[in-house]
Amino acid sequence: MSTRDDTQTGTPSDPYAATSRETTEGTVYTVTGGDWDEMVDQTAGDERIVINMGPQHPSTHGVLRLVLELSGETVTDARLVIGYLHTGIEKNCEYRTWTQGVTFVTRADYLSPIFNETAYCLSTERLLGVEVPDRAATIRVLLMEINRIGSHLVALATGGMELGALTGMTNGFREREEVLHLLEFLTGLRMNHAFVRPGGVVQDLPEGHEERIRSFVKVMRGRLPGFHKLLTGNRIWRQRLEGVGYLPLDGCLALGVTGPILRSAGLAWDLREVDPYLGYEHYDFEVPTDTAADSFARYLLRVEEMSESLKIIEQALERLEPGPVMVEDAKIAWPARLSIGADGMGNSLEHVRRIMGQSMESLIHHFKLVTEGFKVPPGQAYVPIESPRGELGAHLVSDGGTRPLRVHLRDPSFVNLQAAPAMSEGGMVSDVIAALASLDPVMGGCDR
C-alpha cells in the first residue's frame, strides 16, 4: 500500500486512514468503511462519535434529523432537528378567509386531516358563538373515528417497516386502503378532505353510506385480530419493543406528552372522556391504558383503540338522525346548500340556476360570501380535541375581520418529540428507531 508524508507531522501515514477535524463539538472523524479499526484505535475509548440519522434515513419516521452522540453502540446524547418539511401553513391561514383556512390546516398532520379541520372549525365556531346541527356533529365524529383507525394503521405499518417486520407493513397499509376507500366515498377525497367547514360540513353523506360503513366495520373486525397473531406474540417483535423507549408517568407530565404515550404510562387521559366535544359524552367506549410505559405497550394500545373506534362508528350510525348539516345562518353557511355536480364535487347546475334565478341580491350575497368570507367577532379561542397522537388544539385570534389575525396549532407530534431523547439516551442505536416509531410523529404537523 502506498504511503504519503503527513503535511503536519512529516511522518508517513495511510492515505485511507480516517481523517479528522476539530469542531465546536469536539473531534469529528470521517469514516469510509475500511478504516473503522484504525478509527477505533485513534479514539481509544475517550472520544465521541457524532452521527446524523436522517433527514433522509428511512428509520427517522419522516423528514426528521437526529444528531446522535455514540459511545460504541450506546447513545449518550440525542438531539432532534426539525423544520425540513416546513410549509408555513399557520401563516398562510392569516392571508385567507376563515373557510379557506380549512384547506391549509388539513394538510398539517396529513395522516389525520379530519382532526385538523375539526379543531380549527370548533375554535372558529366558538368565536362565532354558534353550535353545529346534531347531524353535522355526528358526521364529524364518524369521520374522525374512521380517520383514527387509518392513522393508527400507518403507525403500525411504518413501525413494522422500520423494525424489519415487512409483513406488518404490508398488512397495515392493506387495511389502511380500506379506510381511504371509505373516506373517498364519503368525502370525495382520500386525504386532505377540507370536508369539515365552519358551521358544519360541506355536504351530507352520499346515498348508500350506511351500507358501506357497516361493511367496513365488518371487514376491520375480521382483520384487526391478525395483528395480534402476526406481531403481539412474535418473539422478535416483543424483544425489539419491550422495555424500549421507557417513559414513566412523571416524565410524560413534565414534557407535556399526551395520547397513547401518556396512556401507556397508566393515565387514562383522553379528551373525548375528560373534556367531551361534539357529543362524545353520549358514546359508550373504553379508554385503553397500560402501565409498562414502553414501546410495546404503545403498540398494544393503538390496536385496542382501533377496536374502540369501531364501536363509536357503529354508535354514530345509530345516532345519525335526518337534519341539516350546516348552520341556518346565511351569513356563515358557505358553501350554501352545496350539492354534488357532474364532476363529483362542487355546485350542481341546478343550484347555480336557483341562485341566479332568485334575485340579484342573493347572487351578490353568494359572490361576496365566497370571495370575501364572513366576519368573525374579535377575540381568541382555543379548543383541544383528541387526535390519534394526543391533544390537538387550534388557537385562533380574530380582529373582527374576514381573515384570522393569528392561527396556531398545538400539534401533538411537535410536543411529543421532546420525549425522544429521554427515551433514547442510554440505550442502543437500534432502540432509537423503535422508540421513535412508538411516538408516531408526523412531521407535517410538527413543522406546519
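## A tour of helix α5 and its neighbours

Begin by selecting residues 134-163, helix α5, together with residues 295-319, helix α13: the two pack at an angle of about 160 degrees, and their axes lie 9 Å apart. Because angles over 145 degrees count as roughly antiparallel, α5 is roughly antiparallel to α13. Keep in mind throughout that the model on the screen is predicted.

With both helices still selected, look at how they cross: α5 passes α13 in a left-handed crossing. To see the contact itself, show the side chains on the α5 side, where the residues involved include Val141, Leu142, Ile146, Ile149, Leu153 and Leu156, and then those on the α13 side, among them Tyr299, Val303, Met306, Leu310, Ile313 and Leu317. Charged residues also take part, including Glu145 and Arg148 of α5 and Arg302, Glu305 and Arg319 of α13. Colouring the contact of α5 with α13 by residue class should give 15 nonpolar, 3 polar and 5 charged residues.

Next, stay in α13 and select Glu308, which has its place in this helix. Is Glu308 buried or exposed? Its relative accessibility is 11%, and since buried means under 20%, Glu308 counts as buried. Now add Phe285, Glu286 and Pro288, which are the residues in contact with Glu308 once its neighbours within four places in sequence are left aside. Of these, Glu286 deserves a distance label, as its backbone nitrogen lies 2.9 Å from a polar atom of the Glu308 side chain.

Return to α5 and bring in helix α7, residues 209-223. The axes of α5 and α7 come within 13 Å and cross at roughly 30 degrees, which makes α5 roughly parallel to α7. Here too α5 passes its partner, α7, in a left-handed crossing. The residues to display are Arg135, Leu142, Ile149 and Leu153 of α5, with His209, Ile213, Phe216 and Met220 of α7; by class, this contact of α5 with α7 has 6 nonpolar, 1 polar and 1 charged residues. Leu142, Ile149 and Leu153 are worth keeping on display, since they belong to the contact with α7 and also to the contact with α13.

Finally, extend the selection from α7 to helix α8, residues 225-232, which packs with α7 at an angle of about 20 degrees, the axes being 4 Å apart. The two helices are therefore roughly parallel to each other. Met220, Arg221, Gly222 and Arg223 in α7 meet Pro225, Gly226 and Phe227 in α8, and these residues divide into 3 nonpolar, 2 polar and 2 charged.

Terms used:
Residues are numbered from 1 along each chain as its sequence is written. This is a predicted model: local features need pLDDT of at least 70, side-chain atom pairs count only at pLDDT 80 or more; totals for chains, interfaces and linings use all residues. Side-chain values use heavy atoms; hydrogens and water are left out. Axes are lines fitted to C-alpha atoms, for helices over the stretch in contact, and angles run from 0 to 180 degrees between N-to-C directions. Angles under 35 degrees count as roughly parallel, over 145 as roughly antiparallel, 65 to 115 as roughly perpendicular and the rest as oblique. A crossing is left-handed if the near helix is turned anticlockwise from the far one by less than a right angle, and right-handed if clockwise. Contact means heavy atoms within 4.5 Å. Ala, Val, Leu, Ile, Met, Phe, Trp, Tyr, Cys and Pro count as nonpolar, Asp, Glu, Lys and Arg as charged, and the others, Gly among them, as polar. Buried means under 20% relative accessible area, exposed over 50%, partly exposed in between (1.4 Å probe, protein chains only). A polar contact is a pair of N or O atoms within 3.5 Å; within protein, one must be able to donate a hydrogen and the other to accept it, and residues adjacent in sequence count only if both atoms are side-chain atoms.
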